[in-house]
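Reader: I should be grateful for a close reading of one part of this model, namely the open sheet and what surrounds it. Please state the cut-offs behind each term as it appears.

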Amino acid sequence: MMESMKNRYEAAKHVFVDSIDIEDYIELNSSVTAYKQLEHSMSKPLKMILLFGRPGTGKSILLNRIQTKLKHQKEIYYFDTPAPTEKEFLRKLFKVLTKKDLPINTEVNFSILIDHCKSLRDKREIIILLDEAQMYDSNMMEKIRLLSDTRSVKFVISLHKTEDEDLIAKEHFQSRIWEVIELKNASKEDQATYVHKKLLKKNLFEIADSIKTREMKLIYKFTNGNYRECNKLMFTIFEICEYYDKNEPNKINYSQIPKKIIEMASLKLGYIHV
Amino acid sequence: MYEMKPLEDEWIQYKRNKRKPLLFTLLFTMIVIVLIVIFIPKNMNLDLVKNYIQKISKIISSEDNSSNVSKEIVKVNIDSNKEELLVDIPVLEEENNKTQLNIIGTSSVVAYEDVEKRFAQSHDIDDALFLANGYYKRGDYIKSAYWALETNKLDSDVEESIFIFVESKIKSGQVNEGISILKKYMKQSNSEEAKKLLFRIENN
């Protein structure tokens, strides 16, 4: 068993590299619910849908998954990082809406773009998934609102949940027809399933088995069920395991991830302090 | 890859800090236990001594059937004439909720002060009479008159208090006042002892 565990810590570490790769998506009860809710909202005649949640609750991966799943049925686009300027943003929108690249040294005339969208009504149903929408300024948000009013473009706006962003949401969407889907941190059980499923997906059975319920509770205590924090902690835990495995194997228990290593990783990440 | 040694040291420090409150609690509990172990036997011994004293007091009181007050003879030094006199100091039983005094081996002044303090709480007639008698024997006639009066306030039938009061007045030069009080008392009580005292005063 010891030999089989060796070198697996490195693989386990890479399982928890934070990514929004659809391959890394883990189906959990809560994520299935959120997915169905979003899919259902998108089928309704809404102009805007607000996807809300603290960082690391899985908003980006959910948007990614829904785009991957629905791209053959609907005209759906995913804008991951916001364009640095309004000009760039409009250029991206122009490409999506006209299916043409904007000629070089040309700027988008927004009112013409609006007219174009109006002409698309009942012909095309475009869904744009806007991730990290808290980074758009109020002018851009206003333009998004005007575009959604044409009813040919539907926006799914993903926002971090903070007080300021609550204000953004209120200012721009209060009078709009919109629906809110809130993503929350994982429950203790969901987080344990998430960790296990991630490892099992890469055939790391022994390692998955070496994280016992008590240690899983400790991981939950330090990360509060946040997927991003959980990924970071698991990555660091396996990095420490990898070090001991290679340099001081007498300090590691292969059948059970020791509490000491979880605490060391938590110290390293600042979840706990001396 | 991290430098593992500093991280390990940090973890050791973290564990130490985490254990501190637990250690303090343990230490406090241990101190409390040690204090209990030290002091409980002492209290038990005190109880034994108290019980022993109570038993002795009962035996003494049963020997003296005259009253609930037992008496102990104590040597009192009188500074004024430097004579050793035997003075009876009443030792009260605990059953009567009266404080017991330990005046053995103390000077007379301290003994009288102790009885005065006790009287302030107990208002016991025996204490007042003891003080009246004691001060009279010591030649402190003002105090003896005062304590004789205190005794009389508590029980006007105690003849001895009248006699000490009268004699204290005469000794302090107030002869007419003393005689007049004695005569008043004689009229009320027709006491033979009072008559004898008046005769003695008039013939001295």
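Author: The account below begins with the sheet and then turns to its surroundings.

This is a predicted model, in which local features need pLDDT of at least 70 and side-chain atom pairs count only at pLDDT 80 or more, while totals for chains, interfaces and linings use all residues. Residues are numbered from 1 along each chain as its sequence is written, and chains are lettered from A and ligands numbered from 1 in the order in which they are written.

Chain A has 13 helices and 5 strands; helices (H or I, at least four residues) and strands (E, at least two) are DSSP runs, numbered from the N terminus. An open sheet of 5 strands in chain A has the order E2-E3-E4-E1-E5, and its pairing is parallel. Two strands pair if DSSP finds at least two bridges between them. Strand E2 (75-79) and strand E5 (178-183) of chain A form the edges, each pairing on one side only. From one strand to the next the twist averages 15 degrees; axes are lines fitted to C-alpha atoms, for helices over the stretch in contact, and angles run from 0 to 180 degrees between N-to-C directions.

Strand E1 (residues 48-53) of chain A runs parallel to E5(A), and 6 bridges join the two. Met48(A) has Trp178(A) in E5(A) as its bridge partner, and Ile49(A) is matched in E5(A) by its bridge partner Glu179(A). E1(A) is also joined to E4(A) by 6 bridges, again in parallel. Here Leu50(A) stands opposite Ile157(A) of E4(A), and Gly53(A) has His160(A) of E4(A) as its bridge partner. In a regular strand the side chains alternate between the two faces of the sheet.

E4(A) also pairs with E3(A), in the parallel sense over 5 bridges. Within this pairing, Ile126(A) stands opposite Val153(A) in E4(A). The connection between these two strands involves a helix: E3(A), helix H7 (residues 138-149) of chain A and E4(A) make a right-handed β-α-β unit. A crossover is right-handed if, with the strands pointing away from the viewer, the path from the first strand over the helix to the second runs clockwise.

A further helix lies against the sheet. Helix H4 (residues 59-70) of chain A packs on the sheet and touches E1, E2, strand E3 (126-130), strand E4 (153-160) and E5 of chain A. The direction of H4(A) makes about 150 degrees with that of E2(A). Two residues are in contact if their C-beta atoms, placed from the backbone, lie within 7 Å.

E4(A) is mostly covered, with 7 of its 8 residues buried. A residue is buried if 20 or more other C-beta atoms lie within 10 Å of its own, exposed if 12 or fewer, and partly exposed in between, the C-beta atoms being placed from the backbone. In the largest nonpolar core, which has 33 residues, those that touch the most other members are Leu51(A), Leu130(A), Phe155(A), Val156(A) and Ile157(A). A nonpolar core is a set of buried Ala, Val, Leu, Ile, Met, Phe, Trp, Tyr and Cys residues joined through C-beta atoms within 7 Å. Leaving aside residues up to four places away in sequence, Val156(A) touches Met42(A), Ile49(A), Leu51(A), Leu63(A), Ile127(A), Leu129(A) and Leu130(A). Another core, of 28 residues, lies apart from the one of 33 residues and includes Ile219(A), Met234(A), Phe238(A) and Ile240(A).

Two loop residues of chain A have an unusual backbone setting for their type. Lys99(A) is not a glycine, yet has a positive phi of about 60 degrees; Lys99(A) lies in the loop between helix H5 (86-98) and helix H6 (110-120) of chain A. Lys99(A) is exposed, with 9 other C-beta atoms within 10 Å. Asn203(A), likewise not a glycine, has a positive phi of about 60 degrees and sits in the loop between helix H9 (188-201) and helix H10 (205-210) of chain A. With 11 C-beta neighbours inside 10 Å, Asn203(A) counts as exposed.

Over the whole of chain A, buried residues make up 32% of the 274 residues. Of the contacts in chain A with a separation of 6 or more, 80% are between residues 24 or more positions apart.
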